[in-house]
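I opened the model to look up its nonpolar cores, its strand pairing and its salt bridges. My entries follow in that order.

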Amino acid sequence: EWQAIPPPKFEIERIRSQSPGMRVTVSATAAAAALTVFCLAASVSVASEVEENFAYECQTNGKKGKCAQMLSIVATPDLVKLLDFGTITNFMEEDAAKEVLRMIKDMDASEWTSLNNEQDGDENTFNREKRRKSGVRYDYQMIDLQLQFFEKMREKIIPQFEKLLVTQERQKIVMYLGKYPTGAYMSSHRDIKGKNTYTIDGSEYQRHRGFALYLNRQWDEADGGLFTDEEDGDKSYSPAFNKLVHYKVPRWHSITPVKGTKTLAVVYGWVLAPKPTVWEQALEALRDVKRKPHTIMPYIFLIVVALRLHFFPLQWPLWGAKKKEGEAAKKEEGGEKK
């Protein structure tokens, strides 16, 4: 893709400490060739180390996790697999992203389903601080692309996601179109995978990784609709055009209310993994213990206490037992004196 422009030859005068005054004539073409070789070598080196060095640390449930913001040209399935959270800029080819946005805009109003579970009362409004006290609240519009009617649209869109987000065999993708008009939002939630199962071809699947591809041009933070990663210090991401946000499920996150007159457009969904067997769940629990050994300490403490009480039972209440022992000792002393 490089266009060769023949440059004029020039001289570079370099003073060497060993032989002062030595004059070296260098061809600009040779210099350009050397620079090209250097850049290629550097790019290969970066590409080979990107999976080790590109991911940076982020907060995940109070512990360190892996996060990364990257361009699509360096994104790989193996890198995505390592991350708890990440963003990919220029996720789709420009023409493909424009086509998806055009399809969303061409959708008839009757095809959109309004999702709104708000109720009267302040406790149901958007409030990140109350996420553990009440269920998720939302107000937006969606289209379920799993319906037979949208089969051709799925065939166009899903392969774009599969090439990066599907990292294991038997994983599948479910996808939806979303539209957030003025005031629309989604409060804090985790996409809990254990409570969201899907039956596909007779097998059960559950959410493994969530994603959202934003298709909004000229969008500022003041317009709202920000994806907020609540496990990384409430860090917010603007829903810019052709930006993908992906994260492992479960993870606390929310969408701030849309302000002004703009409408936020998004393609969102989940990568599904087969529901694990009891044995697989046990292995996963052991891996969690290895990653977070402190989580098992309360259980170890309870087991130790139970074993202690089983083999060395205590008399209860303790003060009553000691009182009886004291009275018995006094009686024995009195008998000896008599």
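**Notebook: cores, strands and salt bridges**

I looked first for the largest nonpolar core, and it has 37 residues, with Phe161, Met175, Leu177, Leu215 and Val267 making the most contacts inside it. By nonpolar core I mean a set of buried Ala, Val, Leu, Ile, Met, Phe, Trp, Tyr and Cys residues joined through side-chain atoms within 4.5 Å, where buried is under 20% relative accessible area, exposed is over 50% and partly exposed is in between, with a 1.4 Å probe and protein chains only. At least two residues of this core come from each of strand E4 (63–71), helix H2 (77–82), helix H3 (94–106), helix H4 (151–165), E8, strand E11 (203–214) and E16; helices (H or I, at least four residues) and strands (E, at least two) are DSSP runs, numbered from the N terminus. Another core, of 27 residues, lies apart from it and includes Met186, Ile255, Leu264 and Trp270.

I note that this is a predicted model, in which local features need pLDDT of at least 70 and side-chain atom pairs count only at pLDDT 80 or more, while totals for chains, interfaces and linings use all residues. Residues are numbered from 1 along each chain as its sequence is written, and side-chain values use heavy atoms, with hydrogens and water left out.

I then turned to strand E8 (residues 172–180), which is largely enclosed by the rest of the structure because seven of its nine residues are buried. E8 pairs in the antiparallel sense with strand E7 (residues 138–144) over four bridges, and with strand E16 (residues 264–274), also antiparallel, over nine bridges; I count two strands as paired if DSSP finds at least two bridges between them. Lys179 is the bridge partner of Gln141 and stands opposite Ala265 in E16.

For the salt bridges (a side-chain nitrogen of Lys or Arg within 4 Å of a carboxyl oxygen of Asp or Glu), I found seven in the structure. Asp106 and Arg102 meet at 2.7 Å, N to O, and both lie in helix H3, four residues apart, about one turn of the helix. Asp106 is exposed, at 54% relative accessible area, whereas Arg102 is partly exposed at 40%. I also found Glu99, Arg102 and Asp106 linked in a network of salt bridges.

Last, I checked Arg251, which forms a salt bridge with Asp229, the closest N and O atoms being 2.9 Å apart. Arg251 lies in the loop between strand E14 (243–248) and strand E15 (253–255) and Asp229 in strand E12 (residues 227–229), so the pair ties together parts that are 22 residues apart in sequence. Both Arg251 and Asp229 are buried.
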